[in-house]
Amino acid sequence: MHHLSVEDARRIAVRAQLLDAPPPTDVDEVVRRLTFLQHDPISAVAPSADLVLWSRLGSSYHPSELRDAIDEQRLIDHHGLIRPAEDLALYRAEMAIWPGRPEEMKDWEHDIAAWVEANDECRRDILELLRADGPLPTSALPDTCQVPWRSSGWNNNQNVKRLLVQLVERGEVATAGRDGRQQLWDLAERIYPDDPVPDVDEARRIRDERRLRALGIARAKMPETGSPEPNGVGQAGEAAVVDGVKGEWRVDPALLDGELAGRTALLSPYDRLVYDRKRTEELFGFEYYLEMYKPAAKRRWGYYALPILHGDRLVGKLDATADRKAGVLRIDAVHEDVPFDTEIEDAVDAEIGDLAEWLGLVVVRT
């Protein structure tokens, strides 16, 4: 059992997320270490995946590098998470036993499997069209479902979209890049590398180890959030306790030694350092949630506030908007969770300047 101070825990988390100095050198290296980038098209400042890469690589990074890596299938978009192609074998292990082990399946998973079986004719129609003409956007795929998808929300009757999710789960269909804003689909056999597939238990163990390496320190088990990527890491790594924080953690022993050459960084709201909000509060004492879905009058920090990292502390949020038509990065507020001294203020201003330069915009403070 390792006994860590909360400062130790924070430094491990920051170093694991490549937010230390010196920075990494290329896109593939970053994604391989982080295990994935979350694809989200909201670009109030810039798309999340690009922000994550900019915060690691600096202003030498160009979004075309990520697009090229996806087009060349070095990186693959799997359920909205951009992963190294070589990692897909770890997910194909689950695909091979779809819909899952009966003893592990929940009632809703049985219901989905029955719905897919009832619409097997539509499934075959989609696969036949993709084989002949793929890759294709969702709008080009036929809806010949006999049983419609029932939902109380906006997915009601979204038959093809919901079926595609399950065809990805089955390992039959995969994303094949984009045509503008449209997602393209193709047969998975044309997209995924033909690497050996481990059995499910081994694949889960490796995924837990990769996830812990990317996080540095995490809980063994966390509640499901609806994300394709869990926050827990199982029994990966070694047990640890953190002073002043209840419960047991798992820590990557490779990160126990080493100093933090900290720096200042502006983070995406979907950045893995802050994505697990409970962990963020426990280790960093940092309260954060994304407010884009709240009415403007009820927002505390802004529509798309960027968490601000300084060394091993999350010190505030930047409320900024990229107004590309006007050519400006509008700074509406810098929220200080701790009072900024001159060093922090100068470092944050420098990062704002770098962000604006990277975006090709001029900083305007309102």
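Helices (H or I, at least four residues) and strands (E, at least two) are here DSSP runs, numbered from the N terminus. The model is a predicted one, in which local features need pLDDT of at least 70 and side-chain atom pairs count only at pLDDT 80 or more, whereas totals for chains, interfaces and linings use all residues. Residues are numbered from 1 along each chain as its sequence is written, and side-chain values use heavy atoms, with hydrogens and water left out.

Two open sheets are described first, strands being taken to pair if DSSP finds at least two bridges between them. One open sheet is built of five strands in the order S11-S12-S13-S14-S15, with mixed pairing. Its edges are formed by strand S11 (264-266) and strand S15 (362-365), each of which has a single partner strand, so that one side of each is left without a neighbour in the sheet. On average, neighbouring strands of this sheet are turned by 30 degrees against each other, direction ignored. Within it, strand S13 (residues 313-323) and strand S14 (residues 328-336) are paired in the antiparallel sense over eight bridges, and Thr 321 is placed opposite Arg 330 in S14. Helix H13 (residues 342-359) packs on the sheet and touches S11, strand S12 (306-310), S13, S14 and S15, with a direction that makes about 45 degrees with that of S11. For these values, contact means heavy atoms within 4.5 Å, while axes are lines fitted to C-alpha atoms, for helices over the stretch in contact, and angles run from 0 to 180 degrees between N-to-C directions.

The other open sheet has four strands in the order S1-S9-S10-S8, again with mixed pairing. Strand S1 (2-4) and strand S8 (217-218) are its edge strands, each pairing on one side only. Strand S9 (residues 238-242) pairs with strand S10 (residues 245-251) in the antiparallel sense over four bridges, and Glu 238 stands opposite Val 251 in S10. Helix H12 (residues 277-284) lies across S8, S9 and S10, and runs at about 110 degrees to S10.

Several backbone features are found in loops. A cis peptide bond, with omega of about 5 degrees, joins Trp 98 and Pro 99, the latter being placed in the loop between helix H5 (88-95) and helix H6 (107-118). A cis peptide bond with omega of about 5 degrees also joins Gly 134 and Pro 135, and Pro 135 belongs to the loop between helix H7 (120-133) and strand S5 (136-137). Positive phi values in residues other than glycine are found at Leu 18, near 60 degrees, and at His 79, near 55 degrees. Leu 18 lies in the loop between helix H1 (6-16) and helix H2 (27-34), and is buried, with a relative accessible area of 10%; His 79, in the loop between strand S3 (75-78) and strand S4 (81-84), counts as partly exposed at 26% relative accessibility. Buried here means under 20% relative accessible area, exposed over 50%, and partly exposed in between (1.4 Å probe, protein chains only).

Internal space was examined on a 1 Å grid over the protein atoms alone, where a cavity is a set of points at which a 1.4 Å probe fits but cannot get out, a pocket is an open set with protein on both sides within 12 Å along at least five of seven lines, and lining residues have an atom within 4 Å of a point. Grid points are joined across faces, edges and corners, and a volume is the space filled by probe spheres set on the points. The structure holds three cavities of 30 Å³ or more, and the largest cavity has about 80 Å³ of space. Its lining includes Gln 17, Leu 34, Tyr 270, Asp 271 and Arg 272, and strand S2 (37-38) and H3 are the elements that give it two or more residues. H3 gives the most to this lining, with three residues.

The second largest cavity has about 50 Å³ of space, and among its lining residues are Arg 83, Asp 87, Arg 207, Arg 210, Arg 211 and Glu 229. H5 and helix H10 (200-215) each give two or more residues to this lining, the largest share, three residues, coming from H10.
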